[in-house]
Amino acid sequence: MREEGQRMNRVYNFSAGPAQLPVEVLQQAADEMLDYGGTGTSVMEMSHRSAAFTQIIEDAEADLRELIGIPEGYSVLFLQGGASIQFSNIPLNFAKPKHGVADYIVMGQWSKKAFSEGKRLITANKIATSEDDNFTHVPDLSDLQVTPDADYVYICENETVHGLKIWNLPDTKGKDLIADLSSCFLSEPIDASRYGMFYAGAQKNIGPAGVVVAVIRDDLIPTEDIEGVPLLCQYKTEADGKSLYNTPPCYGIYICGLVFKYLKSLGGLEVVKELNEAKAKLLYDAIDDSRLFNGTAAKQDRSIMNVPFVTGNPDFDARFVKEATAAGLINLKGHRSVGGLRASIYNAMPLEGVQALVEFMDRFEKENA
Ligand code: PMP
């Protein structure tokens, strides 16, 4: 009964992040809040060097490795500083100090930010972009003109604001691919061996803000101290310390671990992908069948996590957000930089939530057409 009551009070949260988490995970965390596993303390209160927390972080890593199928020779790190600090750490760690060169694909707000930060620190080249089209499609990546001395090629695989997804990883002509997967992490199976590094901020698909999961091929992690780079910005420090060089975001790691177990219990990432595709199809079909709503991303590049759409009339958009909120469908406003509407339908959004949104859109259209 308690569980039912709690479910009933919850709204459908379409936020791009921090985002909805699985009720089952929140319920377990609530049950374990005061006394985790007979320790008499909550995970928030225990030493990061305790036996109980050691088990939590080791299990989280093992479950993630199993879920993704991370091959030998890759390190899994639990980091802090948000996904954004990786925009700095990636050039600082992977490009030759001061003289480094790297190539960036710029196809939305987050790759643009990473590129801007790269430019501050090294020679960063924009080798493909769709900025002149307001980031409404993925640029042509079929024959990338990779810079011969580039240390890596950088992508943001799912652009959260613009709702774009790279569905086929580009041929980087032998250069290491570094990918920001923040808004599509664990939404589908991936081939980890295609990447030199991939990373994700937790607050969309896997847990609370404050944790970043990074998976890095070991031979890319510098073996020597990088002069002038703070220790905590060096991946070597975190790899050597097994993410425990200093106090990690313990509680966040614990929740990520619960989410990993939950995704395993669903049947793994193949199953998760099918669920996500079904939700996205329902929403995109509704948009495509509508005379009021239009999707803003090119069809072939549509994200199945972030779905931006517009009515074309800012007053209608604002009314839609207001009335949807009153109906228990929250955070449907588009990103402040692009306006319009956006539904983020991460792993934890149930099909029923998307059904409720589609029914609401239909009603809104009939009332306003
Ligand atoms: N990359 C992507 C794809 C994102 O969506 C976001 C946040 N929305 C970030 C990076 C930045 O994350 P953080 O706020 O954790 O720095």
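A polar contact is a pair of N or O atoms within 3.5 Å. The model shown in these views is predicted.

**View 1. Three side chains make polar contacts with the ligand.**
A polar side-chain atom of Ser84 sits 2.6 Å from a ligand oxygen atom. Asp180 places a polar side-chain atom 2.6 Å from a nitrogen atom of the ligand. For Lys204, the distance from a polar side-chain atom to a ligand nitrogen atom is 2.8 Å. The ligand taken alone exposes 390 Å², and the protein buries 83% of that.

**View 2. The shell around the ligand holds 13 residues.**
Ala83, Ser84, Thr160, Asp180 and Lys204 are the closest. Sorted by class, the shell has four nonpolar, seven polar and two charged residues. Which helix gives the most to this shell? Helix 4, residues 82–94, does, with four residues.

**View 3. Three strands form an open sheet.**
The strand order is 11-12-14, and the pairing is antiparallel. Strand 11 (294–295) and strand 14 (341–344) stand at the edges. Each has a single partner strand, so one side of each lacks a neighbour in the sheet.

**View 4. Strand 11 pairs with strand 12.**
Strand 12 covers residues 306–310. Two bridges join strand 11 and strand 12 in the antiparallel sense. Asn294 stands opposite Val310 of strand 12.

**View 5. Helix 8 lies across the sheet strands.**
This helix spans residues 269–289. Strand 11, strand 12 and strand 14 are the strands that helix 8 lies across. Helix 8 runs at about 15° to strand 12.

Key: Residues are numbered from 1 along each chain as its sequence is written. This is a predicted model: local features need pLDDT of at least 70, side-chain atom pairs count only at pLDDT 80 or more; totals for chains, interfaces and linings use all residues. Side-chain values use heavy atoms; hydrogens and water are left out. Two strands pair if DSSP finds at least two bridges between them. Contact means heavy atoms within 4.5 Å. Axes are lines fitted to C-alpha atoms, for helices over the stretch in contact, and angles run from 0 to 180 degrees between N-to-C directions. A residue is near a molecule or strand if one of its heavy atoms lies within 4 Å of it. A polar contact is a pair of N or O atoms within 3.5 Å; within protein, one must be able to donate a hydrogen and the other to accept it, and residues adjacent in sequence count only if both atoms are side-chain atoms. Accessible areas come from the Shrake-Rupley method with a 1.4 Å probe; for residues, only the protein chains shown count as cover. Ala, Val, Leu, Ile, Met, Phe, Trp, Tyr, Cys and Pro count as nonpolar, Asp, Glu, Lys and Arg as charged, and the others, Gly among them, as polar.
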